[in-house]
Amino acid sequence: MDHGHHHSDPAASAASADVRHCDVAVIGGSAAGLAAALQLGRQRRSVIVVDSGEPRNAPAAHMHSFLGRDGTDPAELLAAGRTEVRSYGGEVLSGRVVGVRRDDGSFVVELESGASLVARRIVVATGLVDELPDVAALSEHWGGAVIHCPFCHGYEVRDQRLVQLVTHPMGLHVVPLLRQLTQRLTVLIADGVELDGAELDALTAGGVDVRVGATAKQVVTDGDGRLAAVELADGTRIEADAMLVGPRVHPRAEPFAGLGLRPTAHATGLGEVIEVDATGATAVEGVFAAGSITDPSQQVLPAAAHGSRVGGAVAMSLAVEDLRDAGRPSSSVADWDHRYSGEPIWSGNPNGSLVAEVADLAIGRALDVGAGEGGDAIWLAEQGWEVTASDISSRGLDRVRAEAERRGLSVTCELADANALEPFARGGFDLVSAAYASIPRTPDRRGVFNVLDAVAPGGTLVVLSHDLEAMHDPEHQHASFDPDAYIHLDDFAAVIEAAPGWTIEVNEKRPRPAGSASAPQHADDRVLRARRMR
């Protein structure tokens, strides 16, 4: 993917890293949002998904009618989806969006953590909140014995005593489906619901037990905690094994109000949605929406399909805009250029672990991948190495160049993306170092192979990275950076182990030497040193 790599630690550069740049910010990381992000990642767009971890189907243990995945735990689908998005360098952040505003042709997405994302396009995939009928103890069984969709969970209540609560004229619409699922069906029509007499007569003639003016008051539970009956306002009890209700739906659209994105009433009268055209475009230019927030009837499969289609439309809108401008802008370059735009974001010292690993090497040609502001490159040049500093950010390299000149050193600066086609001279270097280089993942691990290919026969590779366990620790998780979207030291180790002609000399975790360029919470380094024999 066309986003790059750097040298300094994203967590260290707290101030500048709190603003991230991407092509597309996807708000909501359930089926629709992840499917959109996957489509965009495969079109070489940088994507950041923000997910608050509150899927609409969270109470359900299984999802159904999803071809190839029927009966899967929805959480399993989302975990697989996040892994797929990250495999293309897409980031998935845990967080909550509190507002989105326009700023000079881009959008700024404000996170609760204080971080923000600058994006060219927005995909709203925040879904709906279900408002259940006001019946005591109903919510305890929601997602279990209380269902709302005959397609999602109707089969599981077949032949059971099923009670449907009709609190809205549209409720009768699904009765023919329920009649097909069970002969033991009771339909309770609440007081004040206006109905079509002919429709009622047809149901009664079809053998359905329909009770008009029957308002449910509470759900009765048996000694084992199972749903046992529905009690009406007049005290009547109707025995039941399961219930079907028609919740009202509310789109999670508050953060987008500042853009003028307003929910509109759904045709059913059952709540509000965000209206979109066939491409997923909303009334606000540059803002798209996907999934149940656009259509409450969507099950998980149609929601994923919709996200995929909308992701494709967003990719097309960006591509057409870039062609019109005859440009190939990279939001990833913008992301790193922004990080290097303020004060220097780290100490300027070399990484102590690198110093230790190269101490016994014969001086020669060195490539520093993701050189950032150049601490390692400049130190290597001071030791007599013939150094090439490579980075995706020209701002970072400007700093390397200026510091090298100030010290009277010769360092060659090369603007390169480690995921490009042959970004480095093949076999051109006796030492290749990559210290905390942020190289986005690709399924074929192209970035790993590009770095390995730069090592000359007899040469050495040194990779430093953070200990991933520490990065996943909730206390130290970085609000605006997803380490799992980037190549890790273990990816290098796996490729090297399988590659003929390479030997791993060091692969260990060790305390970070003092004076290093990093945030305090990353106290341990992972260090990999390998030699290319031929």
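Two exercises with worked solutions follow.

The structure is a predicted model in which local features need pLDDT of at least 70, side-chain atom pairs count only at pLDDT 80 or more, and totals for chains, interfaces and linings use all residues. Residues are numbered from 1 along each chain as its sequence is written, and side-chain values use heavy atoms, with hydrogens and water left out.

**Exercise 1.** Determine in what order the seven strands of the open sheet stand, and why one side of strand 22 and of strand 25 is left without a neighbour.

*Solution.*
1. Strands (E, at least two residues) and helices (H or I, at least four) are DSSP runs, numbered from the N terminus. Two strands pair if DSSP finds at least two bridges between them.
2. The order is 22-21-20-23-24-26-25, with mixed pairing.
3. Strand 22 (411-415) and strand 25 (502-511) are at the edges; each has a single partner strand, so one side of each lacks a neighbour in the sheet.
4. Within the sheet, strand 20 (residues 365-369) and strand 23 (residues 429-435) run parallel and are joined by three bridges. Ala 366 has Leu 431 of strand 23 as its bridge partner.

**Exercise 2.** Describe how helix 2 and helix 7 pack.

*Solution.*
1. Axes are lines fitted to C-alpha atoms, for helices over the stretch in contact, and angles run from 0 to 180 degrees between N-to-C directions.
2. Helix 2 (residues 31-41) packs against helix 7 (residues 300-324) at about 35°, the axes being 7 Å apart.
3. Contact means heavy atoms within 4.5 Å. Among the residues making it are Ala 35 and Leu 40 of helix 2, and Gly 307 and Val 314 of helix 7.
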